[in-house]
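Please look over the sequence and the model below before reading on. The paragraphs that follow lead through it one place at a time.

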Amino acid sequence: MDTHAALYKQGKDRLDYLRQFAQRQPVSLQQKMADIGISRRDFIKWTASVTAMFALPLPFSNLVAEAAELADRVPLIWLHMAECTGCSESLIRTDTPNLDTLIFDHISLEYHETLMAAAGWQAEENLENALETYKGRYLLAVEGAIPTANNGTFLTIGCKGHTGLHIVKEAAENAAAIISVGTCAAFGGVQAAAPNPTGAKGVYEVVDKPVINLGGCPPSEKNIVGTLMYFIMFGKLPALDMFNRPKWAYGARVHDNCERRGRFDAGEFVEEFGDEGAKEGYCLYKMGCKGPYTYNNCPTERFNHHTSWPVLAGHGCMGCSEPNFWDDMADFEKPLGRQLLHGLDATADTIGAVILGAAAVGIGAHAVISVFAKPLEE
């Protein structure tokens, strides 16, 4: 309780600090919500769900509400590097009206090449003004890998022809926090796959500051907005895993929360796409699912307004939130077998002995044999 009380006070102090810089908006957030049919009750329900997502006690929902109402005063600079814009698509292609989209739309989005109206010299000027005006106070989000070979000349942006490497380093210098949105920005993604002729790298490899990595191709919009909200509330990075991913989003394996996990434990696997097992929702491990090796909240948060995710739709997890997934997780439709276990997949490796118990050793043995007997054939 003392820890929660101290964290709550830290959040209150952070929001009071932000109010010093807040400029009164002509239309309040509450009025904006009312204008598009979102009630205060809906807003409070949303704050409660975000609080639960952070694994915080319910009283913290008050801080979430205050942070949301301040969100349109916190400047955000969003840079596009070597990417497909899928991470931006993940964020904006949600059901409307949607609170996540609303909060993001009304944050002070100073620069975003896809969403802003400015182009050419005006866009360059907007970026330069934002970097100077909000020095030390802006959030920096980067989408896409950073080509570094030949001094970064494989990627040049804008009418001044600056390299992506130059732009990211310049923007990172005075950022209050840096967020790599998606696996490309976090770890290099497909751009960094072998043989990687452009020398593509994750943001953390080219800047000398802490970076929050939001793995996923793309990451859930909940993970993007949740990370922004955490920084707004507390003014610091959330607890991170060994790859600098927020633990509240990447703290559990996809395998452990998958709706098909019971099928795995029972040794019930899809043998071929479209077979009876597929129709019955059997486990997709033998079809290449990388859920046992992947850490993300896809099964619980899902995509498109909590509608679905790849495994629910019938295809195995590709492991896209992990470093070097394009090389390490291939072939995406064949199982890895024991290649990447190394003690991390102890649950899958001891099905008969632990999960199913002594009374079900026969079923457990069938599960182990059917999964691992011929992992790389066909």
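**A walk through the model**

Proline 195 sits in the loop that runs between α9 (183-187) and β8 (200-201). In this predicted model, the peptide bond that leads from alanine 194 into proline 195 is cis, and its omega is near 10 degrees. Alanine 193 belongs to the loop between α9 and β8 as well. Is alanine 193 buried or exposed? With a relative accessible area of 10%, alanine 193 falls under the 20% limit and is therefore buried. Although alanine 193 and aspartate 328 are 135 residues apart along the chain, their C-alpha atoms are separated by 9.5 Å.

A cis peptide bond is also found from alanine 330 to aspartate 331, where omega is near -5 degrees. Aspartate 331 is placed in the loop between α17 (325-328) and α18 (346-349).

Two other loops hold residues whose backbone angles deserve attention. Asparagine 151, in the loop between β4 (146-147) and β5 (156-157), has a phi near 60 degrees, which is a positive value in a residue other than glycine. The relative accessible area of asparagine 151 is 68%, over the 50% limit, so this residue counts as exposed. Arginine 302, which is placed in the loop between α15 (298-301) and α16 (310-313), likewise has a positive phi near 60 degrees without being a glycine. Why is arginine 302 called partly exposed? The relative accessible area of arginine 302 is 22%, and it is called partly exposed because this value lies between the limits of 20% and 50%.

From these loops we can turn to a helix. Threonine 227 is part of helix α10, which covers residues 221-234, and with a relative accessible area of 0% threonine 227 is buried. The C-alpha atom of threonine 227 is separated by 9.5 Å from that of tryptophan 248, a residue 21 positions away along the chain.

Aspartate 275 brings us back to a loop, this time the one between α13 (261-265) and α14 (276-279). Aspartate 275 is buried and yet has no salt bridge. Which side chain of opposite charge is nearest to aspartate 275, and how far away is it? That side chain is lysine 279, at 8.1 Å, and because a salt bridge requires the charged atoms to be within 4 Å, the pair does not form one. The side chain of aspartate 275 does, however, reach the backbone nitrogen of glutamate 272, at 3.0 Å.

The last stop is the empty space inside the model. Rolling a probe the size of a water molecule over the atoms shows where such space is left. How many cavities of 30 Å³ or more does a search of the whole structure find? The search finds three, and the largest of them holds about 100 Å³ of space. This largest cavity is lined by 13 residues, of which His255, Cys258, Cys283, Leu284 and Cys289 are the closest to its centre. Among the elements that contribute to the lining, α12 (254-257) and α13 each supply at least two residues. Sorted by class, the lining of the largest cavity consists of nine nonpolar, two polar and two charged residues.

Definitions and conventions:
Residues numbered from 1 in each chain as written. Predicted model: local features only at pLDDT ≥ 70, side-chain atom pairs only at ≥ 80, totals over all residues. Heavy atoms only, no water. Helix = DSSP H or I, 4+ residues; strand = E, 2+ residues; numbered from the N terminus. Buried < 20%, exposed > 50% of the residue type's maximum accessible area, 1.4 Å probe, protein only. Lys, Arg positive; Asp, Glu negative; His and termini not counted. Polar contact = N/O pair within 3.5 Å; in protein donor to acceptor, adjacent residues only side chain to side chain. 1 Å grid on protein atoms, 1.4 Å probe; cavity = no way out; pocket = protein on both sides within 12 Å on 5 of 7 lines; lining within 4 Å. Points joined across faces, edges and corners; volume = space filled by probe spheres on them. Nonpolar A, V, L, I, M, F, W, Y, C, P; charged D, E, K, R; others polar.
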